[in-house]
Amino acid sequence: MVWLHGDSLSDQDPAALRYPGADRVFVFDRLFLKQAQLSFKRLFFLYECAAEAVQEIRLGEIVEELQEAIRQRGAERLAVTESVSPRWKEVVAELKKKIEVEVVPAAGMVDVPDGFEAKRFTPFWKKFGREWEG
Amino acid sequence: MKLERFSGDREQVGRKFAEVMVGLYGETPENAKPSPYSGGRKAGMEALAKFSVHGYANTRNKIHGNVSRLSFYIRHGVLGLREVAESVRNRFGRSYDAVKFWQELGWRQFWRLVYARLGDRIYEDLEPPKVNLGKDFPEELPEEIQAGKTGLVCMDECVRELTQTGYMHNHARMWFASFIIHFRKLGWKAGERFFYRHLLDGDPASNALSWQWVASTFSHRPYLFNKENIQENGGKKWCERCQAKCPFDATYPELEKRLFSL
């Protein structure tokens, strides 16, 4: 099963492309939404993205919902595309205690080696943006 | 719980979704309306195909300039950064406009890298401010600002577009942030939260770090604007309707003296 989240919400998601036969699931994170009180427009935009991208949309506590979706499918493991969000990292750490999780690297515009310390844009772009410069 | 797939036209689907999600969004259910911008890969691909990069570099700072409005799709990974960049390269080749556009896409990746490094530290001042920002900042923006009722037509119109559509032009975001931080001395955090709640492309890194860039806690100097800048990039229509005493009608040295010498 592939978990699509808010940073990678289409069928072109790298984890989805790696496992084209797997079901894709998106979860609205009830706890986060209750506290964040985002505008309805944002939520609906996500719903429309998810409606096109996944087989199943769920609402609730993310880890529990994903576990339940996996159980219902009799799936053995979960693939997900990497995100830099601390919340995503927390969820994945929690998931890994319970199920097998494969993290697929996210695609960027330019290749940046692990450990690069991004501080100001201009030096970053001079170093890595050459392919896209005039 | 599994969420049902709602059928019907967009408004009907919106109403049903609003019922299920009640309590999980900011508006009252009767005010819960979809944005005019549709979500989904299909809508994203259509917007990408329609976007021409011609004129981007010279007009992107104008409120009615040729901007892509692809940020909603890019933020949520519906369109990939590289995919968008390559689409422009394949259709228009390398040009001054394309290079400028690619740089703006590059900013998105840059913000993500900073976020990867700093995590939730992006929500605190990353550097000491370079000017006096004031103190005792509120948790939320004053109601009249959130409702677009300050009487300053330029600010109010930008806020109204944000709350009604989920979109605000990038230059308007900079004006508004500068207004909140430097003219009203409200700090950057309440404004950051306000944008995050409403922007369809609301991204923790891009949003918080851009507010800090305007504040000068993630840049060498604060970002300021004046009436001339508004008129040059937003047109004169706002000013023609405005009855307020304009706080922006000054030269930059005058503004710096007024705003930062306390």
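Buried area here is the accessible area, taken with a 1.4 Å probe, that two parts lose on being put together, summed over both. With that in hand, the two domains of chain B are a good place to start in this predicted model. Chain B splits into domain 1, covering 38–119, and domain 2, covering 143–260. Between these two domains, about 1800 Å² is buried, and carbon and sulfur atoms account for 60% of that area. On the domain 1 side, B:Ile63, B:Arg75 and B:Trp111 do a good deal of the work: they supply 38% of the area that domain 1 of chain B buries against domain 2 of chain B, more than any other three residues. Counted by contacts, 16 residues of domain 1 of chain B meet 22 residues of domain 2 of chain B. The C-alpha centres of these two domains sit 23 Å apart. As for salt bridges between domain 1 and domain 2 of chain B, the count is 0.

The space between the domains comes next. The second largest pocket of the structure has a volume of about 1000 Å³. A total of 38 residues line this pocket, and those closest to its centre are B:Arg60, B:Glu104, B:Arg108, B:Asn170 and B:Met174. Both domain 1 (38–119) and domain 2 (143–260) of chain B give residues to the lining, so the pocket lies between them. Several helices of chain B take part, with at least two lining residues each from helix 4 (71–75), helix 6 (96–118), helix 9 (170–183) and helix 11 (204–215). Helix 6 of chain B gives the largest share of the lining, with 8 residues. Sorted by class, the lining of the second largest pocket holds 18 nonpolar residues, along with 12 polar and 8 charged ones.

Then there is the matter of enclosed space. The structure holds 1 cavity of 30 Å³ or more, and the volume of the largest cavity is about 30 Å³. Its lining is made up of B:Arg108, B:Trp111, B:Arg112 and B:Asp203. By class, the lining of this cavity has 3 charged residues and 1 nonpolar residue, with no polar ones. Two of these names have come up already: B:Arg108 is also among the residues closest to the centre of the second largest pocket, and B:Trp111 is one of the three top contributors to the area that domain 1 of chain B buries against domain 2 of chain B.

On to the contact between the chains. The size of an interface is often given as the accessible area lost when the parts come together. Chain A and chain B bury about 5700 Å² between them, with 59% of it on carbon and sulfur atoms. From chain A, the trio A:Phe40, A:Lys41 and A:Arg42 supplies 15% of the area that chain A buries against chain B, more than any other three residues. The contact draws 55 residues from chain A and 70 residues from chain B. Salt bridges between chain A and chain B number 6. A:Arg120 and B:Glu127 form a salt bridge, with their closest N and O atoms 3.0 Å apart.

Finally, a look at chain A on its own. Its secondary structure comes to 6 helices and 5 strands. Read from the N terminus on, the elements of chain A follow the order β-α-β-α-α-β-α-β-α-β-α. Taken along the principal axes, the C-alpha atoms of chain A fill a box of roughly 50 × 35 × 30 Å.

Definitions and conventions
Residues numbered from 1 in each chain as written. Chains lettered and ligands numbered in written order. Predicted model: local features only at pLDDT ≥ 70, side-chain atom pairs only at ≥ 80, totals over all residues. Heavy atoms only, no water. 1 Å grid on protein atoms, 1.4 Å probe; cavity = no way out; pocket = protein on both sides within 12 Å on 5 of 7 lines; lining within 4 Å. Points joined across faces, edges and corners; volume = space filled by probe spheres on them. Helix = DSSP H or I, 4+ residues; strand = E, 2+ residues; numbered from the N terminus. Nonpolar A, V, L, I, M, F, W, Y, C, P; charged D, E, K, R; others polar. Domains from an automatic or database assignment. Contact = heavy atoms within 4.5 Å. Salt bridge = Lys/Arg side-chain N within 4 Å of Asp/Glu carboxyl O.
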